[in-house]
Amino acid sequence: MMCDHLGTYSGASRYLREAGELRLVLLCDRCGAERQELGRVDYRPDPEVERARLAAGGAALGGPSAIALP
Ligand SMILES: [Zn+2]
């Protein structure tokens, strides 16, 4: 059965790791075909930053260095 793509669409995002971009697209709800590209956003997750943030958060939660003495 051919889909005429005349039903409803849903927004979705596709991450392009090689390009470091997030593509925002419209997908046909009936068959899942990509119907339109709405735009692209530069997106590069930085594992180093995430790790540093986690370490800092952990220290603030329970580390002795987080206790402020008068
Ligand atoms: Zn369709």
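**Zinc site, salt bridges and an aromatic pair**

D4 has a relative accessible area of 42% and is therefore partly exposed (buried is under 20%, exposed over 50%, partly exposed in between, with a 1.4 Å probe and protein chains only). The structure is a predicted model, in which local features need pLDDT of at least 70 and side-chain atom pairs pLDDT 80 or more, while totals for chains, interfaces and linings use all residues. Residues are numbered from 1 along each chain as its sequence is written, and side-chain values use heavy atoms, without hydrogens and water.

The protein contains 1 helix and 3 strands (DSSP runs of H or I with at least four residues, and of E with at least two, numbered from the N terminus). Along the sequence these elements are arranged in the pattern β-β-β-α. Of the 70 residues in the protein, 16% are buried.

A zinc ion is bound through four side chains: the SG atoms of C3, C28 and C31, together with ND1 of H5, coordinate the metal at 2.1 to 2.5 Å (donors are N, O and S atoms within 2.8 Å of the metal, or 3.2 Å for Na, K and Ca). Along the chain, the donors of the zinc ion are spaced as C-x1-H-x22-C-x2-C. The 4 donor atoms subtend angles of 102 to 114° around the zinc ion, and the arrangement is therefore tetrahedral (four donors with all angles between 85 and 135 degrees). For reference, the ideal angle for four tetrahedral donors is 109.5 degrees. Both C3 and H5 are buried.

Salt bridges, defined by a side-chain nitrogen of Lys or Arg within 4 Å of a carboxyl oxygen of Asp or Glu, number 6 in the model. One of them joins the side chains of R30 and D4, with an N to O distance of 3.5 Å. This contact links distant parts of the chain, since R30 belongs to the loop between β2 (21-28) and β3, and D4 to the segment before β1, 26 residues apart.

Contacts between strands were also identified. The closest N and O atoms of the salt bridge between E21 and R40 are 2.7 Å apart. Because E21 lies in strand β2 and R40 in strand β3, this pair ties together parts that are 19 residues apart in sequence. E21 is buried, at a relative accessible area of 18%, whereas R40, at 45%, is partly exposed. In a further salt bridge, the side chains of E37 and R23 meet at 2.6 Å, N to O. Here E37 is placed in strand β3 and R23 in strand β2, so the pair ties together parts 14 residues apart in sequence. A relative accessible area of 36% makes E37 partly exposed, while R23 counts as buried at 13% relative accessibility. Through salt bridges that share partners, R14, E21, R23, E34, E37 and R40 are joined into one network.

The model holds 1 aromatic pair (rings of Phe, Tyr and Trp, the last by its six-membered ring, with centres within 6.5 Å; planes over 60 degrees apart count as edge-to-face). The partners are Y15 and Y43, which adopt an edge-to-face arrangement with 5.5 Å centre to centre and 80° between the planes. Y15 lies in strand β1 (residues 9-16) and Y43 in the loop between β3 and α1 (47-62), so the pair ties together parts that are 28 residues apart in sequence. Partly exposed status applies to Y15, at 36% relative accessibility, and to Y43, at 38%.

How values were computed: Phe/Tyr/Trp six-rings, centres within 6.5 Å; stacked < 30°, edge-to-face > 60°. Tetrahedral: all angles 85-135°; square planar, octahedral: opposite > 155°, others 65-115°.
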